[in-house]
Amino acid sequence: MSAAERHDFPRPMLIGAAALILGSLFVATVGTLARQDTPPLTADQIVAAYDIRFVDQADGGMTAMLADGTVLARMTTEESGFARGILRGLGRGRKLTGAAEDLPYRLVRTRDGRLLLEDGASGVSIELGVFGSDNAESFARLWRAGDSLKPARTG
């Protein structure tokens, strides 16, 4: 076999790849072990909470409605991208726990300004602000729509 036919990777590249893999495993392990579960929210920490269902539309968009069927918003395909991604992740959690997929999610606004999407079926709570204000805005609009209905609603 001649030297031109050999296809060895350069040694520094292999060492770098191994270091990257080991570093990633280290960070993931430390993150998992150091995870601190947050205590559940108390009633005095919650400004408002709405149980919301998300229904796919034929055009690729999505309709967000309260659990009682009141429509909060119709989102186009472009507007629903972030929400769809979050719901896809939560849906996987529901499948793993064997929970029904059609149960509503809970959208919660806290006194300190956080906006959370909670899945009571799987026990997962996502703070939407960590994905950036533009992404969180799609859920903030739903919260404002629910809040605008509040005076007309009882309870």
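**Notes on a six-stranded sheet and its helices**

1. Arg109 stands opposite Leu115 in β5. That pair belongs to the β4–β5 pairing, where four bridges join two antiparallel strands. Two strands count as paired here if DSSP finds at least two bridges between them. Strands are DSSP runs of E with at least two residues, helices are runs of H or I with at least four, and both are numbered from the N terminus. Another facing pair in these strands is Val108 and Leu116. β4 and β5 make a hairpin with four residues between them, and Gly113 in the turn has a positive phi of about 95°.

2. A word on the basis of these notes. This is a predicted model, in which local features need pLDDT of at least 70 and side-chain atom pairs count only at pLDDT 80 or more, while totals for chains, interfaces and linings use all residues. Residues are numbered from 1 along each chain as its sequence is written, and side-chain values use heavy atoms, with hydrogens and water left out.

3. Now the overall layout. The protein has three helices and six strands, and from the N terminus on they follow the order α-β-β-β-α-β-β-β-α. Of its 155 residues, 26% are buried, where buried means under 20% relative accessible area, exposed means over 50%, and partly exposed lies in between (1.4 Å probe, protein chains only). Among contacts (heavy atoms within 4.5 Å) between residues at least 6 apart in sequence, 49% join residues at least 24 apart.

4. How are the six strands ordered in the sheet? They form an open sheet in the order β3-β2-β1-β4-β5-β6, with antiparallel pairing. β3 and β6 (124–127) stand at the edges with a single partner strand each, so one side of each has no neighbour in the sheet. On average, neighbouring strands are turned by 25° against each other, direction ignored. Axes here are lines fitted to C-alpha atoms (for helices, over the stretch in contact), and angles run from 0 to 180 degrees between N-to-C directions.

5. β1 (residues 46–56) has two partners worth following by eye. With β4 (residues 105–110) it pairs in the antiparallel sense over six bridges, and Ala48 faces Arg109 there. With β2 (residues 62–66) it pairs, again antiparallel, over five bridges; Val55 has Thr63 as its bridge partner in β2. The β1–β2 hairpin has five residues between the strands, and Gly60 in its turn has a positive phi of about 95°.

6. Towards β6, four bridges join β5 to β6 in the antiparallel sense, and Asp119 has Val124 as its bridge partner. Their hairpin has four residues between the strands, with Gly123 at a positive phi near 80°. β5 is mostly covered, as four of its five residues are buried.

7. Helix α2 (residues 81–97) is a good one to turn on your screen. Its 17 residues reach 25 Å from first C-alpha to last, close to the 24 Å expected; the expected span is 1.5 Å times one less than the number of residues. Its buried residues are Phe82, Ala83, Ile86, Leu87, Leu90, Gly91, Gly93 and Arg94. Seen down the axis, these fall within an arc of 165°, so they line one face of the helix; the arc is that of the directions from the helix axis to the C-beta atoms. The face turned away from that buried side carries the exposed residues Arg92, Lys95 and Leu96. Just after α2, Gly98 takes a positive phi of about 80°.

8. Ala83 in α2 is buried at a relative accessible area of 1%. Leaving out residues up to four places away in sequence, Ala83 touches Met62, Met75 and Phe139. Ser138 is 55 residues from Ala83 in sequence, yet their C-alpha atoms are 7.2 Å apart.

9. Which residues touch the most other members of the largest nonpolar core? Of its 26 residues, they are Ile52, Phe54, Leu107, Leu117, Leu128, Phe139 and Leu142. Elements giving two or more residues to this core are β1, β2, β3 (71–75), α2, β4, β5 (115–119) and α3 (133–149), and α3 gives the most, with six. A nonpolar core is a set of buried Ala, Val, Leu, Ile, Met, Phe, Trp, Tyr and Cys residues joined through side-chain atoms within 4.5 Å.

10. Last, α3 and a core residue. α3 lies across β1, β2, β3, β4 and β5, running at about 110° to β1. Beyond its neighbours within four places in sequence, Leu107 has contacts that include Ala48, Ile52, Leu117, Leu128, Phe139, Leu142 and Trp143.
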